[in-house]
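Morning, everyone. Please bring the structure up on your screens, and I will talk you through it.

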Amino acid sequence: MWSFASGLRCRRCSCAVHVECRAETPNDCLVVPRASLPSAGPQNVGFTRRGIVKEGFLWKMAKADPSWTRLWCICKPEALFFFRPQQRLLEYRNPMLVLGLGESGGLSVANVQALREHCFIVETSSGDYHYFAANSDEERKEWKYAIKHRKAKSRSTAAAAAAAADATTHGDDWVKRFANESWIWTPDRPEPSPFAWEDVKPTQIKMLNLLPLIQNEPIAKGSVPELELRADDIVVDKQEVAYFRTKVTKYDLDPVLELALAPLESAQSMRRVRLILAELTDAPVPSNFPGVFLVLFRMGKNAYRVRCSKDTNLKRVIIEEVLFRAQAVDMSVSWALPAIEDFMIRCGRLNEYIVDADISLHSIVYVRDAITKSRAIEFDLLPYEAQLHHTDGASVDDSPAGEQSFCSIEADEGLGFDLTVQNCFHVHDVSKRFEVKVKSVENLNKQLLYDANSFYGLDIEGDRVNVFVAFSLYFGEQLLAPVLHTQPVLPSQPIWEDWLVTELLSMENIPREARLCFTLYACKAQGGGAMGMITNLFRPANQTVPLAATEITYADFRGVLRRGSYCLPMWSLVTPAAGSPRQEVALVVEFDATSPKLISFSGETRRSEPDATGQTRDEEAEEEGEEHGETPAQHEQPLLYLILMRDALYEMSTEEKALVWKYRGYVRSQRPYSLAKVLLAAPSTNRQMIAAIHALLANWPPLPPVHALELLGARYVDTEVRRYAVNCLRELTDRQLVEYLPQLIQVLKSEPHHYSHLFEFLFLRSMRSIVLGHPFFWHLTSELHNESHSARFKLMIEAFLAASDDDGTTEEMKRELAVVAEFARVAKELKEVPKDERTKVLQAKLRLLELPSSFLLPYNPKFEVSRLLVEKCRVMDSMTSPLWLVFENRERQTAHIIFKVGDDLRTDILSLQMIRIMDQLWRNEGLDLHMQPYRAVSTGKDEGIIEVVTNSETTSAISQAYGGGGAVSAFSRTALAEWLRACNPTEAAYREAVTNFTLSCAGYCVATYILGVGDRHNDNIMITYGGNLFHIDFAYFLGRRVTFAGIPRETTPFVLTPAFVQAMGGLDSSNFRSFVSHCCRAYNVIRRHGHLFITLFAMMVSSGMSQLESLDDLDYLRRALALELTDAEASARFTQLIQESCSNQITQLNNAVHIFAHS
């Protein structure tokens, strides 16, 4: 490319070329502008990139024989230019073939598919016909359009002139200059760099980043030094950071916020109380719910056992049994019964309370869980006022939040903000092509090339490796324009000064939420002499390796387009070598700043001129979004139904999109849940179509929250779409919302700016509920290790702690952070200690720790720890040497956890979340499968806490104890049945344990099959003493299996050994028939909600988990759900899977090998 202050200079031959003497430029120079184009032949054809309409690969059929050649084609208004593939990168000299396109030049597609797929015919100006083929039908249509409308550039210039004449009345001289193409490309401005070749795919980064300058102070109250922004954090510009901080601070002081916080009901006079209200449910009562059970009530020092049933009213039993018996015991008290309103009811000595006792016992989730897990049901009656005083803190109403929103211009004005940009051009009046200059890469050194581990050191040191920058423009996951790139240069001089121009996309048609993505690549240089030829034998010469990336939004948080120079910090895409320092690479870019005014999405815009029908483009767009009530023809309805029934990952064809968009009004009235399909079917993303989508959303009925979640994915970045989705989520209670919190935290990365509708929704709900606020804090904290979005999450943590500082939440979080940091330090130090001494050293180190007198466990805000039982702590025998820690609360209840360092727990957390959601869906259908989905939480990079289910054993330990010992015990059929009999000596207890085992085994067979959980050896399956089976360690999922020498060790859909079947009573028993029935029913329930699980997994792709890197990793989930089957077909299929698992002995063999390897 050309770059010289006083003129132009050829980068290849260093020939200086001035504007006045271009004719003297050598013919072999790169990208030399020429005055005219010769009419025939490739000889001495000077080629310039000005006026390109489209370019890309095409297959051309030779005239002499029916062979096809792959060529790089560039379409310009006057001709088609063809280059060999190797000419594209550095040798845009003379094209090998030029086909002139006269005024009559055209194309046809009739009867040519037989020659080659996606074929079309081009007629040249001389009357000859040439056959071409594209790579896909979509590309063929794009080429047809480009050739037919290649003269559109001159027509658009005339239209721009008319617009400029219209602008005269407004005095917008700058707008008038858009009509003059010479203004766009003046002689002293370099021409644009050529498009990138099709094999280069820019890495999509899910986060915006800008200047690493943060000069405004953090929010004073509530700040935590460990979580504050640092100078080396990649953050947005300081104006947006200041806007974010000031806005959330004003929220905490604004009186309107008090209305949005939904204070507690009835007698609670205090503004905030730190209580967790007990969860209630209206799900059907399971058929296996016991008719009569014992409930323990404690009041002061006295305890009372009462026989209750599922329909027993809690308030009535307390009045008639507990309070009356307490009055009879204490004769010194007045005979008047104490009022139940004077008491709060605590569940199981946890931080979980019932305020209104006028409910049935079966509606309390705590009661159902206790029965499912064979635990005692206990209630404590505590004085109401004392409890309020003791738990002064954050308010927690579990009702849905109101519709109050502060994410609007009106709300900003009410808070003292004025973001309106005065005297600016509206972007919809700007028809100029978007351009950005890539200037240079700063702090680039050869160590980054060595870390890429893709080039030989001889190539790096011998300057046979070049670097270039690829630029792409994305709207969500949709590429808006062809990828552009700079010319490759040496890493020692990464300077370009290249203007990259989106020739086929004007600024008015770029959505506000578009992202400008830049990726730094390395590639092998051409040539290189003998040494280069030798290295090319082992490594491809055209290999491209991504090194670093960054991105920035098209418009800033005010809606103003970027202008001027920016220094964008880039995050590394390669893993640094051990001991290698962090590479702080930055990209310097420049946006056009020649406009005399700012260009903004806010403010008034001129209405477009009426067309022949008397309507403007804006009016047509508004009508485009209105309801179209046309009913599909009879033959179209089945096809439309099949399209709408497809899962969220289904890619619609062009014809299918046209059908869905045509009948969007019919979809709205008949199947509104398919809004996501309608949005994806929109023909384009230009300003008219965006306006049509907004009009469509205004008339669309609210969706159920589980369907609205899909609209928050990375594909739907339009602000109005996400606002609509967030409004649908307001129907969720805090208990329901917390189950979807991992996904909602991930999609915060896709928001264009820090402050968004989704953040505001989560922020306000977290402020008013510790049930949501506690996990909200830890989910954000666990993501801080990723430099691409750590600044955003730090700001959110800062806002949350500042808003909650008055109720003690900040101090509580500080205590938890300090405890986690101490345990992490101890765990890392123990890795250097010999295995046989680790437990002893651990207990010695734990005794030296100065832990807080009380703190909450990160995975469970209901359990407040008072001390650590050091003598019961130990180091587990595992590869990562996790810590087994035991805590105790004031009531002497214990909590066991596993603290891991060096192990990624995100697959466990995601799998357990899915199992909890499955369990809830089954319960809503009246199917209680006695699941044991324990909790786990990530506290940082490769560290976290796992809840321990006590009173349980692994199936490995059970088989060895009751199956004869050693590896052969894995083949025992009676070990599990004998162990259950030993743990439950009475006949009634044994029958209950077998029932628990049958139900839980059915649930986990379905869950592990759908999730594709692997590594299911007998140490990863456990059973409680009461018979509840559950799985642990979900390191492999989505169909991944453990292999040995490349051969899968697991060949069954799920684990169902002969010992499991025998514990149920055998293949012919009623329990086994019940097991099969429960499996089929549970499988169909999950299938009916299959879209929810596909959506939740898809929303986690941005998390960076090694087993969930792209949507392709969800192919197993889609196959396992089999959404195309009927319920009867799915039941037959799962019955076959049960038979397959029962008859396969590979599982027993794997268990035997595992026992032998660990004995």
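I will go from the whole chain to the cores, then to salt bridges and a few single residues.

A word of caution to begin with: this is a predicted model.

Let's start with the whole chain. The protein chain has 1159 residues, and 56% of them count as buried. It holds 38 helices and 39 strands. Now the contacts. Take those in the protein chain with a separation of 6 or more: 71% of them are between residues 24 or more positions apart. The accessible surface is about 49,200 Å². Carbon and sulfur atoms own 52% of that surface.

Next, the inside. How many residues does the largest nonpolar core have? The number is 192. Some residues have the most contacts inside this core, including Leu 711, Leu 885, Trp 922 and Phe 1097. Which helix gives the most to this core? That is helix H32, residues 987–1011, with 14 residues. The core also draws on two domains, with at least three residues from each: domain 4, at 636–854, and domain 5, at 951–1158.

There is another core, lying apart from that one. This other core has 51 residues, among them Val 436, Trp 496, Ala 514 and Leu 568.

Let's zoom in on Trp 922. Set aside its neighbours within four places in sequence. Trp 922 is then in contact with Leu 927, Leu 929 and Met 931, among others. Its contacts also include Gly 1003, Val 1006, Ala 1082, Val 1085 and Ile 1086.

Now Leu 709. Find it in the loop between helix H20 (705–708) and helix H21 (719–729). Is Leu 709 buried or exposed? Its relative accessible area is 1%, under the 20% cut-off, so Leu 709 is buried. Its contacts, leaving out residues up to four places away in sequence, include Leu 729, Tyr 740 and Leu 744. Leu 1092, Thr 1095, Leu 1096 and Met 1099 are touched by Leu 709 as well. One distance here: Leu 709 and Val 726 are 17 residues apart in sequence, and 8.4 Å apart in space, C-alpha to C-alpha.

On to charges. The salt bridge count comes to 43. I will pick a few.

Pair one is Arg 916 with Glu 739, at 3.2 Å, N to O. Arg 916 sits in helix H29, residues 906–924, and Glu 739 in helix H22, residues 734–739. They are 177 residues apart, so to speak of distant parts of the chain being linked is fair. Both Arg 916 and Glu 739 are buried.

Pair two is Glu 864 with Arg 890, at 3.9 Å, N to O. Why does this pair tie together parts that are 26 residues apart in sequence? Because Glu 864 is in strand E28 (860–865), while Arg 890 is in the loop between strand E31 (883–888) and strand E32 (894–901). Glu 864 is partly exposed, at 32% relative accessibility. Arg 890 counts as exposed, at 53%.

Pair three is Glu 888 with Arg 892, and their closest N and O atoms are 3.9 Å apart. Glu 888 is buried, with a relative accessible area of 8%. Arg 892 is exposed, at 62%.

There is also a network of salt bridges. It links Arg 298, Arg 346, Glu 378, Asp 380 and Glu 891.

Now the backbone. Most residues other than glycine have a negative phi. Look at Leu 1038: its phi is positive, near 60°. Leu 1038 lies in the loop between strand E37 (1029–1031) and strand E38 (1043–1044). At 3% relative accessibility, Leu 1038 is buried. Ala 1122 has a positive phi too, near 45°. Its place is the loop between helix H36 (1115–1121) and helix H37 (1127–1143). Ala 1122 is buried, with a relative accessible area of 0%.

Last stop, the surface. Which residues form a nonpolar patch there? They are Phe 971, Ile 1146, Leu 1149 and Val 1153, with about 330 Å² of accessible area together. Val 1153 belongs to helix H38, residues 1146–1157. Its relative accessible area is 47%, so Val 1153 counts as partly exposed, between the 20% and 50% cut-offs.

That is the tour. Thanks for listening.

Note on methods: Residues numbered from 1 in each chain as written. Predicted model: local features only at pLDDT ≥ 70, side-chain atom pairs only at ≥ 80, totals over all residues. Heavy atoms only, no water. Core = buried A, V, L, I, M, F, W, Y, C linked by side-chain atoms within 4.5 Å. Buried < 20%, exposed > 50% of the residue type's maximum accessible area, 1.4 Å probe, protein only. Helix = DSSP H or I, 4+ residues; strand = E, 2+ residues; numbered from the N terminus. Domains from an automatic or database assignment. Contact = heavy atoms within 4.5 Å. Patch = residues over 30% accessible without salt bridge, like charges linked within 9 Å, V, L, I, M, F, W, Y side chains within 5 Å. Areas by Shrake-Rupley, 256 points an atom, 1.4 Å probe, with all protein chains shown as cover. Salt bridge = Lys/Arg side-chain N within 4 Å of Asp/Glu carboxyl O.
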